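Hi,

Here is the structure I promised to pass on to you. Please open it alongside this email, and I will walk you through what turned up.

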Amino acid sequence: MNRRKIVVLGTGGTLAGRSESSTDNLSYSAAQLGIEQLLAAIPALHGLPLASEQVAQVDSKDMDQALWSRLALRCAHWLAQDDVQGLVVTHGTDTLEETAYLLHALLAPAKPVVLTCAMRPATSLQADGPQNIVDAVTVALWPGAAGVVAVCAGAIHGAVDVRKHHSYRLDAFSSDDSGPIGQVEEGRLRLHRGWPAAGPVHPALASIAQGGGWPQVEIVTSHAGASSRLVEGLVAQGVRGLVVAGTGNGTIHRALDAALKAAQAQGVRVVRASRCAGGVVLGPPEDCFEPAAGLSPVKARIALQLDLMR
Ligand code: SIN
């Protein structure tokens, strides 16, 4: 069986963006060019065993749960095909880390699912999308590649660790203390550590496949002068879970802390994360709130949603 076909799923982003001028990298429109058009414009890909599907066409700041459901189901569909070696997902940079974590948590695939992106639109003098796509396909075709990873500016990041850490540089992602899994250099991989481990699919996938809704989970941030009002309003609206992005080691302003404890007493799940860009919350052994287990607030939110969907 030839298992070398790579399926490229397009979802939009700056990678598919167009600007009036090749020197304007700011006032462009994301998600304009179709995935077939993008792939056809990259000579290095011609002749490779690629198929493509346009799953969405969005600026990833507008990513939502309906689209996540569709993308997860299309990934599950393609991964189940024997002749598919792996997937590439083109995505905007702004919420790429969330989608990467979602696909990892839901599918934990043995085959590679490689998200890639661009920090400059396709019309830019500095367009980085084509090289990132070529690198992502290289990773997806690499013998032994596995799991959900993100490829940007020549670095391969694992879905759990990857985070957009810069608003403008082409090398916009980091993996904090873990460092990248490896580098893509001139069509070859230099690996520093292992690929994300495969596992069983998350039970929430069955709920998504049946069209089940996503529970409301919101993120609240602790900061100087924080109050109880936001949490009280969310509880009144029926929120099912709250992730608190605490200061430093997950500490929470006393007014917010009291509101979160009151919410928890009413059955709302509360997870403690940190608003710090690096490090993890080293919680006390007997914390009153659930631990984020090293996840950033946006990823802890997804983990809690999936848990509530079981
Ligand atoms: C987006 O996230 O879709 C727009 C920004 C980007 O891709 O860099």
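Below are some notes on the ligand site, followed by a few residues that may interest you.

Please keep in mind that this is a predicted model.

**The ligand site**

Let me start with the ligand. Which residues surround it? The shell is made up of Gly 13, Thr 14, Asp 59, Ser 60, Gly 92, Thr 93, Asp 94 and Ala 118. By type, that shell splits into 5 polar residues, 2 charged ones and 1 nonpolar one.

Oxygen atoms of the ligand take part in several polar contacts. The side chain of Thr 14 places an N or O atom 2.9 Å from a ligand oxygen. For Asp 59, a polar atom of the side chain is 3.2 Å from an oxygen of the ligand. Ala 118 contributes through its backbone instead, with an N or O atom 3.3 Å from a ligand oxygen. On its own the ligand has 250 Å² of accessible area, and the protein covers 95% of that. As for the pockets, the ligand occupies the second largest one.

**The loop between S1 and H1**

Next, have a look at the loop that runs between strand S1 (5-12) and helix H1 (35-40), where Ser 19 is found. Is Ser 19 buried or exposed? Its relative accessible area is 9%, so Ser 19 counts as buried, the cut-off being under 20%. A polar atom of the Ser 19 side chain lies 3.1 Å from the backbone oxygen of Ser 21. The backbone oxygen of Asp 24 is also in reach, with a polar atom of the Ser 19 side chain 3.0 Å away.

Leu 26 belongs to the loop between S1 and H1 as well. Leu 26 has a relative accessibility of 69% and therefore counts as exposed, which requires over 50%. In sequence, Leu 26 and Pro 121 are separated by 95 residues, yet their C-alpha atoms are 8.9 Å apart in space.

Further along, Gln 32 also sits in the loop between S1 and H1. With 38% relative accessibility, Gln 32 is partly exposed. Its C-alpha is 7.2 Å from that of Gly 12, and the two residues are 20 apart in sequence.

**A buried position in S3**

Now for strand S3 (residues 84-90), which contains Val 84. The relative accessible area of Val 84 is 0%, so this residue is buried. Which residue, 79 positions away in sequence, has its C-alpha 4.8 Å from that of Val 84? The partner is Lys 5.

**Two alanines with positive phi**

Finally, two backbone angles are worth a look on your screen. Ala 153 is not a glycine, but its phi is positive, at about 50°. You will find Ala 153 in the loop that links strand S5 (147-152) to strand S6 (155-158). Ala 153 is partly exposed, as its relative accessible area is 38%.

Ala 293 also has a positive phi without being a glycine, with a value near 55°. Ala 293 is located in the loop between strand S14 (290-291) and helix H8 (297-308). How accessible is Ala 293, and is it buried or exposed? Its relative accessibility is 68%, so Ala 293 counts as exposed.

That is what I have for now. I would be glad to hear your thoughts once you have had a chance to look through it.

Best wishes

Conventions. Residues numbered from 1 in each chain as written. Predicted model: local features only at pLDDT ≥ 70, side-chain atom pairs only at ≥ 80, totals over all residues. Heavy atoms only, no water. Near = heavy atom within 4 Å. Polar contact = N/O pair within 3.5 Å; in protein donor to acceptor, adjacent residues only side chain to side chain. Areas by Shrake-Rupley, 256 points an atom, 1.4 Å probe, with all protein chains shown as cover. 1 Å grid on protein atoms, 1.4 Å probe; cavity = no way out; pocket = protein on both sides within 12 Å on 5 of 7 lines; lining within 4 Å. Sits in = over half its atoms within 2 Å of the grid points. Nonpolar A, V, L, I, M, F, W, Y, C, P; charged D, E, K, R; others polar. Helix = DSSP H or I, 4+ residues; strand = E, 2+ residues; numbered from the N terminus. Buried < 20%, exposed > 50% of the residue type's maximum accessible area, 1.4 Å probe, protein only.
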